[in-house]
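Q: I am new to this structure and would love a close look at how one part of it fits with its surroundings. Could you walk me through it slowly, one step at a time?

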Amino acid sequence: MTDQPTADRPVRVMVVDDHPMWRDAVSRDLAEAGLDVVATAGDGEEAVRRARACTPQVVVLDLNLPSLPGAEVCRQVVAHDPAVRVLVLSASGEHQDVLEAVKSGATGYLVKSAGREELLDAVRRTAVGDAVFTPGLAGLVLGEFRRLAAEPAPASAPAAPRLTARETEVLRLVAKGLSYRQIADRLVLSHRTVQNHVQNTLGKLQLHNRVELVRYAIEQGLDDEI
């Protein structure tokens with residue numbers, strides 16, 4: 001399993017892109033900002049092998065890759081280690097690509113027109129569990145989750161684990177799309193306390209990341225509560 005980032009331990013990042021100049025530029029920007037670029041890869045199969053070998057915390061992943069599509073890379077990497085978080089960095093802002101990436105396990109999606117500081121912020125936020133999307137795409141993902149939540153649940157679905165009142169309150173705000181920092185400000189809690197509540201909830205619900213948590217919360221109707 002991957003380690004959690006701390007103040008004295010930089011975020012471990014892997015950059016996957018088939019264009020060498022772009023891959024090198026992104027890697028350089030991340031390294032200059034103090035992040036630890038532990039590996040790079042230029043095709044899908046290489047990306048899967050190297051991710052398993054170097055256990056990054058965040059994979060910055062292009063979707064259009066030779067040998068193995070980016071969405072399949074994401075699926076295999078997350079299946080091998082659910083603690084790995086995948087931030088897609090793609091030239092495509094097409095809705096189908098975004099939804100396919102999220103369904104494959106990506107926790108964030110930026111288009112390549114994003115600026116350097118936006119990318120750095122997105123990688124850091126992804127590392128601590130935030131779901132980060134290019135403006136306009138988060139609403140698309142939430143809408144898809146609401147559509148899926150409207151579908152009939154399996155008759156044999158198990159009973160949901162009991163959450164504390166505070167965990168439920170945090171989960172409700174997660175479902176509304178608030179970041180951890182916004183939730184902390186709203187509930188007058190520390191950022192770390194909000195993270196701890198989310199991690200406890202993920203454990204209870206046997207979920208792997210914030211994207212899955214948002215979907216669960218919407219299925220429970222928590223995004224409609226006041």
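A: Let's begin with a term: when two helices cross, the crossing is left-handed if the near helix is turned anticlockwise from the far one by less than a right angle, and right-handed if the turn is clockwise. Please keep in mind that this is a predicted model.

Now to the part itself, the pairing of helix 1 and helix 5. Helix 1 covers residues 20–32 and helix 5 covers residues 116–127. Their axes lie 10 Å apart, and the two helices pack at an angle of about 70°. Angles of 65 to 115 degrees count as roughly perpendicular, and therefore helix 1 and helix 5 are roughly perpendicular to each other. With the term from above in hand, you can check the sense of the crossing of helix 1 and helix 5: it is right-handed.

Which residues make the contact? On the side of helix 1 you will find Val26, Asp29, Leu30 and Glu32, and these meet Arg116, Leu119, Leu120 and Val123 of helix 5. Sorted by class, this contact between helix 1 and helix 5 holds five nonpolar and three charged residues, with no polar ones.

Two loop residues help to fill in the surroundings. Leu35 sits in the loop that runs between helix 1 and strand 2 (36–41). Is Leu35 buried or exposed? Its relative accessible area is 8%, and since buried means under 20%, Leu35 counts as buried. Setting aside residues up to four places away in sequence, Leu35 touches Pro10, Val11, Val13, Leu30, Val123 and Arg124. Among these, Leu30 and Val123 also take part in the meeting of helix 1 with helix 5. Val13 deserves a look as well: Leu35 and Val13 are 22 residues apart along the chain, and their C-alpha atoms are separated by 7.0 Å.

The other loop residue is Lys112, placed between strand 5 (108–111) and helix 5. Lys112 is buried too, with a relative accessible area of 18%. Apart from neighbours within four places in sequence, the contacts of Lys112 are Asp17, Trp22, Asp62, Leu89, Ser90 and Ala91. Trp22 falls within the residue range of helix 1.

It helps to step back for a moment. The protein has 10 helices and six strands. Of its 226 residues, 50% are buried. Among contacts with a separation of 6 or more, 66% join residues that are 24 or more positions apart.

For comparison, turn to another crossing, between helix 7 (165–175) and helix 10 (210–219). The axes of helix 7 and helix 10 come within 9 Å and cross at roughly 100°, and therefore helix 7 and helix 10 are also roughly perpendicular to each other. Here Leu171, Val174 and Ala175 of helix 7 meet Arg210, Leu213, Val214, Tyr216 and Ala217 of helix 10. This contact divides into seven nonpolar residues, one charged and no polar.

How many residues of helix 10 are buried? The count is seven of the 10, so helix 10 is largely enclosed by the rest of the structure. The buried ones are Arg210, Val211, Leu213, Val214, Tyr216, Ala217 and Ile218. Just after helix 10 comes Gly221, with a positive phi of about 80°.

Helix 8 (residues 180–187) makes a good last stop, with Tyr180, Ile183, Ala184 and Leu187 as its buried residues. Looking down the axis of helix 8, you see these buried residues fall within an arc of 100°, so they line one face of the helix. A general rule helps here: an α-helix has 3.6 residues a turn, so residues three or four places apart point the same way. The buried residues of helix 8 pack against helix 7, helix 9 (191–205) and helix 10. On the face turned away from that buried side, helix 8 carries the exposed residues Asp185 and Arg186.

After helix 8 comes Val188, in the loop between helix 8 and helix 9. Its phi is positive, near 55°, in a residue other than glycine. Val188 is exposed, at 74% relative accessibility.

Notes: Residues are numbered from 1 along each chain as its sequence is written. This is a predicted model: local features need pLDDT of at least 70, side-chain atom pairs count only at pLDDT 80 or more; totals for chains, interfaces and linings use all residues. Side-chain values use heavy atoms; hydrogens and water are left out. Axes are lines fitted to C-alpha atoms, for helices over the stretch in contact, and angles run from 0 to 180 degrees between N-to-C directions. Helices (H or I, at least four residues) and strands (E, at least two) are DSSP runs, numbered from the N terminus. Angles under 35 degrees count as roughly parallel, over 145 as roughly antiparallel, 65 to 115 as roughly perpendicular and the rest as oblique. Contact means heavy atoms within 4.5 Å. Ala, Val, Leu, Ile, Met, Phe, Trp, Tyr, Cys and Pro count as nonpolar, Asp, Glu, Lys and Arg as charged, and the others, Gly among them, as polar. Buried means under 20% relative accessible area, exposed over 50%, partly exposed in between (1.4 Å probe, protein chains only). The arc is that of the directions from the helix axis to the C-beta atoms.
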